[in-house]
Amino acid sequence: MTSADCLLLDAKHAILDEHHRKFQALHNEGRVDEAVKQFHVTLSCASDVLNDALRLLEDTLEAHRQAALINPPSQPSTN
């Protein structure tokens, strides 16, 4: 995972936090119709963040698998 990946994920998480804050404000103000619409936006954003995080995790795991195939760990001696 590169620093650019981390930065992008952090930015998306900040956007998610802002959507959630907007939803809570609308809900607390009793603006139910707007809150429901914002809730859908918040869920969509959360889905994007989770999918991106999962993709990064899968890419990282695959890179580790490939590295292990190229340079397998040394086996302990059985003396």
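Is glutamine 38 buried or exposed, and what is its relative accessible area? Glutamine 38 is buried, because its relative accessible area is 12%. Here buried means under 20% relative accessible area, exposed means over 50%, and partly exposed lies in between (1.4 Å probe, protein chains only).

This is a predicted model, in which local features need pLDDT of at least 70, side-chain atom pairs count only at pLDDT 80 or more, and totals for chains, interfaces and linings use all residues. Residues are numbered from 1 along each chain as its sequence is written, and side-chain values use heavy atoms, with hydrogens and water left out.

**Glutamine 38 and its contacts**

Glutamine 38 sits in helix α2. Helices are DSSP runs (H or I, at least four residues), numbered from the N terminus. The side chain of glutamine 38 makes a polar contact of 3.0 Å with the side chain of histidine 19. A polar contact is a pair of N or O atoms within 3.5 Å; within protein, one must be able to donate a hydrogen and the other to accept it, and residues adjacent in sequence count only if both atoms are side-chain atoms. Leaving aside residues up to four places away in sequence, glutamine 38 touches His19, Lys22, Phe23 and Leu26. Contact means heavy atoms within 4.5 Å.

**Helix α1**

Helix α1 has 26 residues. From its first C-alpha to its last, α1 reaches 37 Å, close to the 38 Å expected at 1.5 Å a residue. That expected span is 1.5 Å times one less than the number of residues. Leu16, His19, Phe23 and Leu26 are buried in α1. The cover over the buried residues of α1 includes α2. Glycine 30 follows α1, and its phi is positive, near 80 degrees.

**The aromatic pair**

How many aromatic pairs does a search of the whole structure find? The search finds one. The rings of phenylalanine 23 and phenylalanine 39 have centres 5.3 Å apart and planes at 50 degrees, so the pair is tilted. Rings of Phe, Tyr and Trp (its six-membered ring) pair if their centres lie within 6.5 Å; planes under 30 degrees apart are stacked, over 60 edge-to-face, and the rest tilted. The pair links distant parts of the chain, 16 residues apart: phenylalanine 23 is in α1 (residues 3-28) and phenylalanine 39 is in α2 (residues 32-70). Phenylalanine 23 counts as buried because its relative accessibility is 18%. Phenylalanine 39, at 38%, counts as partly exposed.

**Salt bridges**

The count comes to six salt bridges. A salt bridge is a side-chain nitrogen of Lys or Arg within 4 Å of a carboxyl oxygen of Asp or Glu. Side chains of opposite charge can pair when their charged atoms come close. The table includes three of the bridges.

| Acidic partner | Basic partner | N to O distance |
|---|---|---|
| Glutamate 29 | Arginine 31 | 2.7 Å |
| Glutamate 34 | Arginine 31 | 2.7 Å |
| Glutamate 62 | Arginine 65 | 3.3 Å |

Arginine 31 is partly exposed, with a relative accessible area of 36%. Glutamate 34 is partly exposed too, at 38%. Glutamate 62 and arginine 65 are three residues apart in α2, so about one helical turn separates them. An α-helix has 3.6 residues a turn, so residues three or four places apart point the same way. Glutamate 62 is partly exposed at 34% relative accessibility. Arginine 65 is partly exposed as well, at 48%. Salt bridges that share partners join Glu29, Arg31 and Glu34 into one network.

**Cysteines**

How many disulfides does the count give? The count is zero. A disulfide is a pair of cysteine sulfur atoms within 2.5 Å. Cysteine 6 is in no disulfide, and its nearest cysteine sulfur, that of cysteine 45, is 18 Å away. Cysteine 6 is partly exposed, at 31% relative accessibility. Cysteine 45 is likewise in no disulfide. Cysteine 45 is buried, with a relative accessible area of 11%.

**Alanine 63 and methionine 1**

Alanine 63 lies in helix α2. At 46% relative accessibility, alanine 63 is partly exposed. Alanine 63 and methionine 1 are 62 residues apart along the chain, and their C-alpha atoms are separated by 9.4 Å.

How values were computed
Helix = DSSP H or I, 4+ residues; strand = E, 2+ residues; numbered from the N terminus.
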